[in-house]
Amino acid sequence: MQKAKITVSGVSRNSEGVSRLETVNTGTFTEKNGYCYARYEEAEASGMSGTTTTVKWNSSQVSLIRHGAYEMQQEFAEGGTYAGDYRTPYLMIPLETKTKKVRIKKLPYGWKIQLEYDLAYGATDMNRIMTTIIVDLR
């Protein structure tokens, strides 16, 4: 395992407008059995303190896995649909992810992952989400 700076930035659009989010985390990176893994502890500012987030990917698909106080797994493969649950200390929310685009690029200093997907959770509107994850190994 090696140290990594993991930056996650996203834009979410729905009928109520647009929201943006960016977090910068210190974590680890490793490669094993054809997959890459970036792992970090969620900061208190994220509202998910006590949760470990793992991003797992290969050349065509990405998994986002959270364990701890908050539990969730999302799968992203272009054209695919994934149903799952988001479990918080207070309630469980059903999720449905419909992936529009997955772009994974090896960079001289790490990796860049771009995801575009529709996310429905609970009884809310569909959200179009664009997320970029940069794993910086410098």
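The legends below describe close-up views of a predicted model.

**View 1. Ten strands close into a barrel.**
The strand order is E1-E2-E3-E4-E5-E6-E7-E8-E9-E10. Pairing is antiparallel. On average, neighbouring strands of this sheet are turned by 25 degrees against each other, direction ignored.

**View 2. Strand E1 pairs with strand E10.**
E1 covers residues 2-14. E10 covers residues 127-136. The two run in the antiparallel sense and share nine bridges. One position to look for is Ser12, which stands opposite Ile129 in E10.

**View 3. Lys98 and Glu96 form a salt bridge.**
This is one of eight salt bridges in the structure. The side chains meet at 3.7 Å, N to O. That distance satisfies the criterion because a salt bridge requires the nitrogen to lie within 4 Å of a carboxyl oxygen. Lys98 is partly exposed, at 31% relative accessible area. Glu96 is also partly exposed, with a relative accessibility of 31%.

**View 4. Arg128 and Glu116 form a salt bridge between strands E10 and E9.**
The side chains meet at 3.0 Å, N to O. Arg128 sits in strand E10, and Glu116 in strand E9, residues 110-121. The partners are twelve residues apart, and the pair links distant parts of the chain. Arg128 is partly exposed, with a relative accessible area of 30%. Glu116 is buried, with a relative accessible area of 18%. Glu116 falls in the buried class because the cut-off is under 20%.

**View 5. Asp118 forms a salt bridge with Arg128.**
The closest N and O atoms are 2.5 Å apart. Asp118 lies in strand E9 and Arg128 in strand E10, so this salt bridge ties together parts that are ten residues apart in sequence. Asp118 is buried, with a relative accessible area of 11%. Its partner Arg128 is partly exposed, at 30%.

**View 6. Shared partners join four residues into one salt-bridge network.**
The members are Lys100, Glu116, Asp118 and Arg128. Arg128 has Glu116 as one partner, at 3.0 Å. Asp118 is another partner of Arg128, at 2.5 Å. Both acidic residues are buried: Glu116 at 18% relative accessible area, Asp118 at 11%.

Methods: Residues numbered from 1 in each chain as written. Predicted model: local features only at pLDDT ≥ 70, side-chain atom pairs only at ≥ 80, totals over all residues. Heavy atoms only, no water. Pairing = 2+ DSSP bridges. Helix = DSSP H or I, 4+ residues; strand = E, 2+ residues; numbered from the N terminus. Axes fitted to C-alpha atoms, helices over the stretch in contact; angles between N-to-C directions. Buried < 20%, exposed > 50% of the residue type's maximum accessible area, 1.4 Å probe, protein only.
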